[in-house]
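Reader: I am new to this structure. Please take one small part, look at it closely, and then lead me on from there.

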Amino acid sequence: MRSAYEMRQQHWPQAKATLTRALAVDPECAECLSSRALAQARLGEQALAPADAEAGLALAPKSALSHSLFGETWQVLGDQARAVDELDAALDINPEDDDIRLSRAFSQSELGDRGGAVMAYTGLLERNRVSSPGDVFLNRGVARFHMGEISLAAADFRSATAALPHDPRSPRNLGVALDRMGDLAGAADAYRQSLERRADPTTSASLGRVLMFSGRFAEAVEPVRTWRRTSQSPSNYPSLEIHVLRVRGQPSDEPAAREELAAMTHVHDPRDWSDSLVEYMLGNIDAPALLQRVGNGPLDELSGRHCEADHYIAEMNLAHGQRAPALPLLTEAVKICPPKYFEAGAAKAELNLQSAAEAAR
């Protein structure tokens, strides 16, 4: 069936159109209704999907396929408990279908039973009857990652990457796991492999971050630039990072970096903190003026601003060979940066690089 191929390829608009045409010919095609429900859920048509799924099930109440498709529809819609109910009903009808067990294990994991899900995934791999072992490795890796078993998760993501040669999720997840384990070079390779399979601004940002944390400033420019170009966020921060990366990677590029920053950033409100950082980078205000603009506000916001100011001032000092004033600023940034701030990791990585450079002298 053409729609089955389109669904396997995740071509949801085409699948929905094909199924709609089939239903115009045969309005009581239960499989068509159940399949269109899943396509509609994937397309975000939350109001339409359950009605089609219920209609398909009403026409074929003893069909394992109709129950399993309804279960997958509930998964996409975020109701994992209902998904389990439908998938259990499908398994009552066809207990030998390991693809249904794979779907059920996913919902089991999403409901918080990670350990039980890992056992289910392992059983599926041992029986070796599931149609896509790569998806089993991928899902088991996600469950293990959430359980804190990062090295085991990384092993599963490696297996999934090999078994699913066109899927960007497996190498991206491998990058996240290796990043967590401190293997920044391995993480960079994994993120690049994911981007070769599918462009994604978040993955580009992750690649730029691990390259920057590794001191590979020049290499980090392009993925950060891609992030800035494709991200929907109006934030100035990617532009600021490009400036830092250009200047730190190739100090001779500073004039071009300043020009690029000015072209990419729209200073719309001098009271905006990120615009103040841009003005500092462009040389319109000096470091004391930037620190003065930190201003007043909630404590966590103030510590974040102080952290960012310390980080960017230190980076510009380093770019101009002024190591002595940069080190205390980086040390302070590590101490005061809220954990979620990018600059916390960047300052720590920069201190490590400076320590290594000092030891090599």
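Author: Start with Leu23. Its relative accessibility is 9%, so Leu23 counts as buried (under 20% relative accessible area; over 50% is exposed, and partly exposed lies in between, with a 1.4 Å probe and protein chains only). This is a predicted model, where local features need pLDDT of at least 70, side-chain atom pairs count only at pLDDT 80 or more, and totals for chains, interfaces and linings use all residues. Residues are numbered from 1 along each chain as its sequence is written, and side-chain values use heavy atoms, without hydrogens or water.

Leu23 sits in helix α2, which covers residues 12–25 (helices are DSSP runs of H or I, at least four residues; strands are runs of E, at least two; both are numbered from the N terminus). What does Leu23 touch, once neighbours within four places in sequence are set aside? The partners are Cys29, Cys32, Leu33 and Arg36 (contact means heavy atoms within 4.5 Å). Take Leu33 from that list. Leu23 and Leu33 are 10 residues apart in sequence, and their C-alpha atoms are 7.6 Å apart in space.

Now Ala218, for another pair with a sequence gap of 10 residues. Its partner is Gly208, and the C-alpha to C-alpha distance is 9.9 Å. Ala218 belongs to helix α14, residues 217–230. Buried or partly exposed? Ala218 has a relative accessible area of 46%, so it is partly exposed.

Next comes Ser107, in helix α7 (residues 98–110). Its relative accessible area is 0%, so Ser107 is buried. Its side chain makes a polar contact with the side chain of Gln80, at 2.7 Å (N or O atoms within 3.5 Å; within protein, one can donate a hydrogen and the other accept it, and sequence-adjacent residues count only if both atoms are side-chain atoms). Gln80 is also among the contacts of Ser107 beyond four places in sequence. The others listed are Gln75, Ala83, Val84 and Leu87.

Step back to the whole protein chain. The protein chain has 21 helices and 0 strands. Of its 361 residues, 48% are buried. Take the contacts between residues at least 6 apart in sequence: 47% of them join residues at least 24 apart.

How do the helices pack? Look at α9 (residues 133–146) and α10 (residues 150–163). Their axes come within 8 Å and cross at roughly 160 degrees (axes are lines fitted to C-alpha atoms, for helices over the stretch in contact; angles run from 0 to 180 degrees between N-to-C directions). So α9 and α10 are roughly antiparallel (over 145 degrees; under 35 is roughly parallel, 65 to 115 roughly perpendicular, the rest oblique). Their crossing is left-handed (the near helix is turned anticlockwise from the far one by less than a right angle; clockwise is right-handed). Among the residues making the contact are Phe137 and Phe145 of α9, and Ile150 and Phe157 of α10.

Helix α11 (residues 169–181) and helix α12 (residues 184–197) form another packed pair. Their axes are 7 Å apart, at an angle of about 165 degrees. So this pair, α11 and α12, is roughly antiparallel too. The crossing of α11 and α12 is left-handed. Residues in the contact include Pro171, Arg172 and Leu174 of α11, with Leu184, Tyr191 and Arg197 from α12.
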